[in-house]
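Q: I'd like to learn how to read the hollows in a protein model, and what sits in them. Can we go through one together?

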Amino acid sequence: MKNRLLLFPVLSLVILSLSMVTAAEAAYKKEYKMSVVVGPKLPWGAGATKFTELVREKTGGRINIKVYTSSSLMAGKQTNEFLIHRQGVADFCFASTINWSTTIKPLNLFNLPFFFPDYKALDAVTQGETGKKIALLLKKKGVTLLAWGENGFREITNSKHAITKPEDMKGLKIRVVGTPLFIDTMKALGANPVNMNWGDAQVAFQQGVVDGQENPVVGVEIPVKIWQFHKYATIWHYVIDPLMLTVNNKVMESFSAEDQKIIQEAALEAAGEQLTTVRKGLIAPDLSALKILENNGMKVTVLDQAMRNSFKSKTLGVYQKWVPKIGEELVKSAEQAIAAT
Ligand code: X2X
């Protein structure tokens, strides 16, 4: 009798918790979409895959994310990525600040020419107060920044001649992403910039439609075997290209607290690993990545700080034009963080 009396509350509890599970799971999508601009074989694309694997494994398959590479969620137009992310077409992104900077002006901070001298400066900005300000700004626009990864310092390659001084840039037809600041910088240096999506750019290199391009060595230039098209590389660290691993706010809020924690941890692990990968071979004394370029027949020129300064002074007007658009306060906060390194 005693047992039977107990049975009813126990049974109703079981039924109640079962229906709660069903409700929670029903709120989860069968498949979440993650956008990446490049292909799966680049460290950037591989980092996205790693994140989805970690999430799938740690949630026991509750959260299943599919990576859509090569800008496929925005029909190749990489500068539309933030818009489709905010709309919820892409639930997650592993994104370059460059591609979002046309829609979110403060992200042009990372595009300022010759602004970040080294990795220490970048880390001080992303991991410090400035990084927090950027995360807050993104949150207000509808997306949550989970972790910073990296494409790398962007270095120029071309098929015409070695670049050691600003005059060497004169008249070179350089492919850049469709963002106004890059056009301004290339013009200030005397080059002839051409906007092109990444998918089209690779065809353009093959056909020799452009003389050169700028991208990170380990992140992009080695994986795409840039030596097939260009003989000259200049390591000038003119722009840094951090990556942001993000989730749409509403999607994040739809997850249980436990799953939110799993997502946050998986993002830090996958992006952290990806960042380590793309720095390998680029920091003295290990310059093995530059050796790979040389071993494939490229002439590699590494600029010292004095040489960099001559390029920097040529682009001073770009800095002056863009600081107000980025926000004086954000730029100052980054400058203070860099000065303290
Ligand atoms: O288009 C590029 O150059 C790339 C792949 O590096 C970016 O998406 C910024």
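A: Sure, and keep in mind that this is a predicted model. Let's begin with the walls of the largest pocket: strand 8 gives the largest share of its lining, three residues.

Q: Which elements each supply at least two residues of that lining?
A: Besides strand 8 (232-248), they are strand 4 (143-158) and helix 13 (305-314).

Q: What volume does the largest pocket have, and which residues are closest to its centre?
A: The volume is about 360 Å³. The lining counts 20 residues, and P117, I235, H237, L282 and V302 are the ones closest to the centre.

Q: How do the lining residues of the largest pocket divide by class?
A: The idea here is to sort the wall by side-chain type. For the largest pocket you get 14 nonpolar, two polar and four charged residues.

Q: Now for closed spaces. How many cavities of 30 Å³ or more does a search of the whole structure find?
A: A pocket is open, whereas a cavity is a space where a 1.4 Å probe fits but cannot get out. The search finds one cavity of 30 Å³ or more, and the largest cavity has a volume of about 100 Å³.

Q: Which residues line the largest cavity nearest its centre?
A: They are W44, Q78, N151, R154 and N215, out of 15 lining residues. Two elements give two or more residues to this lining, namely helix 4 (97-100) and strand 4. By class, the cavity lining holds seven nonpolar, five polar and three charged residues.

Q: Where does the ligand sit?
A: Look in the largest cavity, as that is where the ligand sits. There are 13 residues around the ligand, and Q78, N99, R154, R175 and N215 come nearest. The shell splits into five nonpolar, five polar and three charged residues.

Q: Which polar side-chain atoms should I check against the oxygen atoms of the ligand?
A: Look for N or O pairs within 3.5 Å. In the side chain of Q78, an N or O atom is 2.8 Å from a ligand oxygen. For N99, a polar side-chain atom lies 2.9 Å from an oxygen of the ligand, and for N151 the distance is 3.4 Å. As for cover, the ligand taken alone exposes 270 Å², and the protein buries 100% of that.

Q: Let's turn to the backbone. Is the peptide bond from A284 to P285 cis or trans?
A: Omega is the angle to read. Here omega is near 10 degrees, and the bond is cis. You'll find P285 in the loop between helix 11 (257-279) and helix 12 (288-295).

Q: And what about S70: is its phi positive or negative?
A: Phi is the next backbone angle to check. S70, a residue other than glycine, has a positive phi near 55 degrees. S70 belongs to the loop between strand 2 (65-68) and helix 3 (81-87).

Definitions and conventions
Residues numbered from 1 in each chain as written. Predicted model: local features only at pLDDT ≥ 70, side-chain atom pairs only at ≥ 80, totals over all residues. Heavy atoms only, no water. Near = heavy atom within 4 Å. Polar contact = N/O pair within 3.5 Å; in protein donor to acceptor, adjacent residues only side chain to side chain. Areas by Shrake-Rupley, 256 points an atom, 1.4 Å probe, with all protein chains shown as cover. 1 Å grid on protein atoms, 1.4 Å probe; cavity = no way out; pocket = protein on both sides within 12 Å on 5 of 7 lines; lining within 4 Å. Sits in = over half its atoms within 2 Å of the grid points. Nonpolar A, V, L, I, M, F, W, Y, C, P; charged D, E, K, R; others polar. Points joined across faces, edges and corners; volume = space filled by probe spheres on them. Helix = DSSP H or I, 4+ residues; strand = E, 2+ residues; numbered from the N terminus.
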